[in-house]
Amino acid sequence: APIQPPDFNECGKVLPDGTTTPINCCPPVDLTIDDYKLPPTPNELRVRPAAQCVTDDYLAKYNKAVSLMKTIPDDDPRSFMKQANVHCSYCEGAFHQIDHKDLIIQVHSSWLFFPFHRWFLYFYERILGKLIDDPTFALPFWNYDSSPGMQIPAIFTDKNSSIYNKLRNPNHQPPTVMDLNWSGTDSTTQNNEDLIAANLNTMYRHVSVERVPHNIVHNWTGDPRQHGEDMGNFYSASRDSIFFAHHANVDRLWTIWKGLGGSRKDPTDTDWLDTGSGAGSSEQAKEVEDEENRPKKSRTKKEKEDEEEVLVIDGI
Ligand code: C2O
């Protein structure tokens, strides 16, 4: 049977990997949760730029949006921490499955991986766009499948910007080339060219996406001296803005994979299609009200497909 949304009243504290103090990343329980209805396709689509290619204007907007999000009080579901906790609560065992109390809800290592994170970014991006009053705002993607993107994007390393995060591996700062086969130790024998070639090879072979490159990118980015925080530990990963660039690329790789044709198609099993999401809140739904009133323009085949993709996983 499809996995149901959790009971928010039965959320528990979690004990993140390698840590000793349980933390509470539960969502507020007094939320009214409405069925989320996908708005009509807006006049202008959001286009996600590669993080290494953004313009100064774009960067200023992105920084502003995130700094505004950081000023939202903590008890507001749209705040930076509450949003980061969405991820924490769905991957550290805060919730049990409604029909199987012995099982936790875990959106990783399963077919929930792609749709959960796509939804998460979908709302996150809309909140940011709303904060700067730009309905076309789109997150940047971390283009680590191509050599110019195989390092921490420079935009995330400016200490004075809102998207900077200090909890990252100090040895992996740009221009250090990423190692998509990283297993905890830095290679001392590979030069940059070798590394890039090995990475390209890995991308060619491994379109499992979640385990490689996704997990590797998380672990490679986090600070090993702090239980992998932020990126390398589930509970804290989305406290780093780079998380959203990472997942914007995962979203992109999902789309590219399907475009390769053949048997590369999404599952058609209703256990997957009817999964309940439970992640949308009425607050978040408000963010898209404006867009709901926009006139529908004639959509391209690709846009229709994208819409269907989201619709099929629409849950509660
Ligand atoms: Cu939910 Cu990249 O992990």
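**Helix 1 and the nonpolar core**

In this predicted model, Y62, A65 and M69 are the buried residues of helix 1. Viewed down the helix axis, the buried residues fall within an arc of 65°, so they line one face of helix 1. The general geometry fits this picture: an α-helix has 3.6 residues a turn, so residues three or four places apart point the same way. On the face of helix 1 turned away from the buried side are the exposed residues D56, D57, K70 and T71.

The length of helix 1 can be checked as well. The helix runs over residues 56-71, and at 1.5 Å a residue its 16 residues should span 22 Å; the end C-alpha atoms are 23 Å apart, which agrees.

The buried residues of helix 1 have helix 2 (80-89) and helix 3 (113-131) as packing partners. These helices also appear in the largest nonpolar core: the elements giving two or more residues to this core are helix 1, helix 2, helix 3, helix 5 (214-221) and helix 6 (242-259). Helix 3 gives the most, with eight residues. The core has 52 residues, of which C88, F120, Y124, F244 and A245 touch the most other members. In soluble globular proteins, nonpolar side chains tend to be buried together.

C88 shows which parts of the chain meet here. Apart from neighbours within four places in sequence, C88 is in contact with V14, C25, F234 and Y235.

One stretch carries a record. An unreviewed UniProt entry annotates residues 108-125 as "domain: Tyrosinase copper-binding". In the model, the span 108-125 is 72% helix and 0% strand, and its end C-alpha atoms lie 21 Å apart.

Key
Residues numbered from 1 in each chain as written. Predicted model: local features only at pLDDT ≥ 70, side-chain atom pairs only at ≥ 80, totals over all residues. Helix = DSSP H or I, 4+ residues; strand = E, 2+ residues; numbered from the N terminus. Expected span 1.5 Å × (residues − 1). Buried ≥ 20, exposed ≤ 12 C-beta atoms within 10 Å, placed from the backbone. Arc of directions from axis to C-beta. Contact = placed C-beta atoms within 7 Å. Core = buried A, V, L, I, M, F, W, Y, C linked by C-beta atoms within 7 Å. UniProt positions renumbered as here; feature names shortened; annotations may be inferred.
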